[in-house]
Amino acid sequence: MSDFSHILCCISLSENPDEIADYANQIAAKYQARLILVHLTPSSESSPRQTRDDERLAELMDHVCENNRQLFIRYVETHFDGTPIIVFSEGEPEKTLISLTDKYCADLIIIGTSSTRGILGSFINKSSENIIGRSRIPILLIPNELSLECTPEEYL
């Protein structure tokens, strides 16, 4: 196993960003790796831009996206060590992350995943599964409801 030199970390501020930040910081420090922090948004091609009402909606969506970018930058400034590379990208998560992995020569991906069960959970986790299936490098998945508390059973 080789050391990690470039770690791609995708963070959504709506999920479990603190746990992901903790793991990313610890691993980057241990290996003295460069962090590439990715903030993904849906593709603008899916945004309506046809009529005047749609244009106003698009302007509002652009404003929301810019506010999200600023929140992400502030989050990074307060939760990450050093000077990580910040990447704002849009599109399908699996295709975008795999493309960014190659662009930045990443050798580890850290992402969060939802722990929702049932049909909704399988739909939400599809992106994580697709990334795992397409990735050529190791992936560390951080569950949404991270809990490291465990009482081991006694072994005979």
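Just after helix 3, Cys105 takes a positive phi of about 50°. Bear in mind that this is a predicted model. Helix 3 itself covers residues 93-103 and packs on an open sheet, one built from 5 strands with parallel pairing. Below is a quick tour of that sheet, the helices on it, the aromatic pairs and the cysteines.

**The sheet**

- The strand order is 3-2-1-4-5, and the 5 strands form an open sheet with parallel pairing.
- Which strands stand at the edges? They are strand 3 and strand 5 (139-143), and each has a single partner strand, so one side of each is left without a neighbour in the sheet.
- From one strand to the next, the twist averages 20°.

**Strand 1 and its two partners**

- Strand 1 takes in residues 6-10 and is mostly covered, with 4 of its 5 residues buried.
- On one hand it pairs with strand 2 (residues 34-41): the two run parallel and are joined by 5 bridges.
- Two of the residue matches with strand 2 can be named: Ile7 has Leu35 as its bridge partner, and Leu8 has Ile36.
- Strand 1 also pairs with strand 4 (residues 108-113), again in the parallel sense, over 4 bridges.
- For Cys9, the bridge partner in strand 4 is Ile110.

**Helices on the sheet**

- Helix 1 (residues 17-31) belongs to a right-handed β-α-β unit, together with strand 1 and strand 2.
- Helix 1 packs on the sheet and touches strand 1, strand 2, strand 4 and strand 5. The direction of helix 1 makes about 165° with that of strand 4.
- Helix 3 packs on the sheet as well, touching strand 1, strand 2, strand 3 and strand 4. Here the angle is about 155°, taken between the directions of helix 3 and strand 2.
- Which residues of helix 3 are buried? Glu94, Thr96, Leu97, Ile98, Leu100 and Thr101 are.

**Aromatic pairs**

- The count comes to 3 aromatic pairs.
- One of them is Phe72 with Phe88, an edge-to-face pair at 5.8 Å centre to centre with 70° between the planes.
- That pair links distant parts of the chain: Phe72 sits in helix 2 (residues 52-79) and Phe88 in strand 3 (residues 85-90), 16 residues apart.
- Are the two rings' residues buried or partly exposed? Phe72 has a relative accessible area of 0%, so this residue counts as buried. Phe88 comes out at 25% relative accessibility and therefore counts as partly exposed.
- Tyr75 and Phe80 make another edge-to-face pair, at 6.4 Å centre to centre and 70° between the planes.
- In this pair, Tyr75 is buried, and Phe80 is buried too.

**Cysteines**

- How many disulfides does a search of the whole structure find? The search turns up 0.
- Why is Cys9 not bonded to Cys10? Cys10 holds the closest cysteine sulfur to that of Cys9, but the two are 7.5 Å apart, which is too far for a bond, because a disulfide needs the sulfur atoms within 2.5 Å.
- Cys9 has 0% relative accessibility, so this cysteine counts as buried.
- Cys65 is at 31% relative accessibility and therefore counts as partly exposed.

Methods. Residues numbered from 1 in each chain as written. Predicted model: local features only at pLDDT ≥ 70, side-chain atom pairs only at ≥ 80, totals over all residues. Heavy atoms only, no water. Phe/Tyr/Trp six-rings, centres within 6.5 Å; stacked < 30°, edge-to-face > 60°. Buried < 20%, exposed > 50% of the residue type's maximum accessible area, 1.4 Å probe, protein only. Pairing = 2+ DSSP bridges. Right-handed = clockwise from strand over helix to strand, strands pointing away. Axes fitted to C-alpha atoms, helices over the stretch in contact; angles between N-to-C directions. Contact = heavy atoms within 4.5 Å.
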